[in-house]
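Reader: Hey, can you walk me through this one?
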Amino acid sequence: MSQKEIERLFSELDTSVQLLQKELGVSYLEGLSETGENIVDGRSVVQDNNRLSDQAVQLLTTLYQELSLENMNPEEIRKSFQLALLKGTKSDQIQANHQMTPDAIGFILAYLIEKVIDTDSKKIRLLDPAIGTGNLLSTIYNSLTLKKIEVEAEGIDNDDLLLSLASINFELQGQKLKLTHQDALTDLLLDPVDVVVSDLPVGFYPIDENAKRFKTSSNEGHSYAHHLFIEQSIYYLKDSGYGVFLVPTQLFESKESAALTKMIQSEAFLQGMLHLPKELFKSEESRKSILLVQKKGDKAKQAKQVLLAQIPDFKNQTSMQHFMQEVEKWKQENIKNKK
């Protein structure tokens, strides 16, 4: 992977965004969305009602035409776009639930998915019901593709700007993705998927009437959105499919967790809970873990031993290798993936 190429594409994206910001008075992410749409739409500048000066149109057109995306692989393009997204989330002061999932976590999630899916799988359908800018799903897409697994991906979000950025992120890389602009906790028009993977939004869900449809809804006040998302995700999994979620480490320690535990026991098997390195988080309260659940079905059974682990510091290669060996051993003893 060429760091020089990654930085060059980021610089070109950044230059075009700053020009659009100056001309249109938009936020960084809005400018990134516009420049991204220009690039995927034939590398031409959309000029509605003379919004842009002739000089800006000329500068942008020249910049777009000189892009050398054809010489970059999808992961290089993703990392370039990610740098622009990171700058945008900082400059626009995006709320915590819209922050990007770090790459290292994405790679761990992809690794776990690869381990638990059917060993004969050549194609897999993925869903992220809170896709945001798409960086997490795109990371997993690329990782599984390198393993010769064909990926069909779907994403849902109720934020149209983030959804636009996700669409551009995938299209620039030539990835196949279906996007839906919707509240993912309402009825969804999608076929069941093999795996739901998501960095779940944490906090309260404001629409109490809708929340009442769920087993994990609270009896008083607002319900936890991340509880509802886990339940909804299980419903849209194929039988024996997996849910791989980034959740608060204290997920099962709140008073509302009893309903969540009961729902999981009714609909699925809790197969694992892996705690991410504390170095990744600013405080103990913000720490997250990976929840692994499997929907009940003919090829599903409760693991004899739930995968409980502390993921080591990603920089410690020896510890990471030991961790991966433990996961492999757990898989061999507990996940048979029988046809």
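Author: Sure, we'll go through the sheet and then some helices.

Author: This is a predicted model, where local features need pLDDT of at least 70, side-chain atom pairs count only at pLDDT 80 or more, and totals for chains, interfaces and linings use all residues. Residues are numbered from 1 along each chain as its sequence is written, and side-chain values use heavy atoms, with hydrogens and water left out.

Reader: Cool, what order do the strands of the open sheet have?
Author: The eight strands go β3-β2-β1-β4-β7-β9-β8-β10, with mixed pairing. Strands are DSSP runs of E, at least two residues, and helices are runs of H or I, at least four, numbered from the N terminus. Two strands pair if DSSP finds at least two bridges between them.

Reader: Which strands stand at the edges?
Author: β3 (177–181) and β10 (307–310); each has a single partner strand, so one side of each lacks a neighbour in the sheet.

Reader: And how do β8 and β10 run?
Author: Parallel, joined by four bridges. L274 sits opposite A309 in β10.

Reader: New topic: where does helix α11 lie?
Author: Helix α11 (residues 317–334) lies across β8, β9 and β10, at about 180° to β10. Axes are lines fitted to C-alpha atoms, for helices over the stretch in contact, and angles run from 0 to 180 degrees between N-to-C directions.

Reader: How do α5 and α11 cross?
Author: Their axes come within 10 Å and cross at roughly 25°. Angles under 35 degrees count as roughly parallel, so α5 and α11 are roughly parallel to each other.

Terms used. Contact means heavy atoms within 4.5 Å. Angles under 35 degrees count as roughly parallel, over 145 as roughly antiparallel, 65 to 115 as roughly perpendicular and the rest as oblique.
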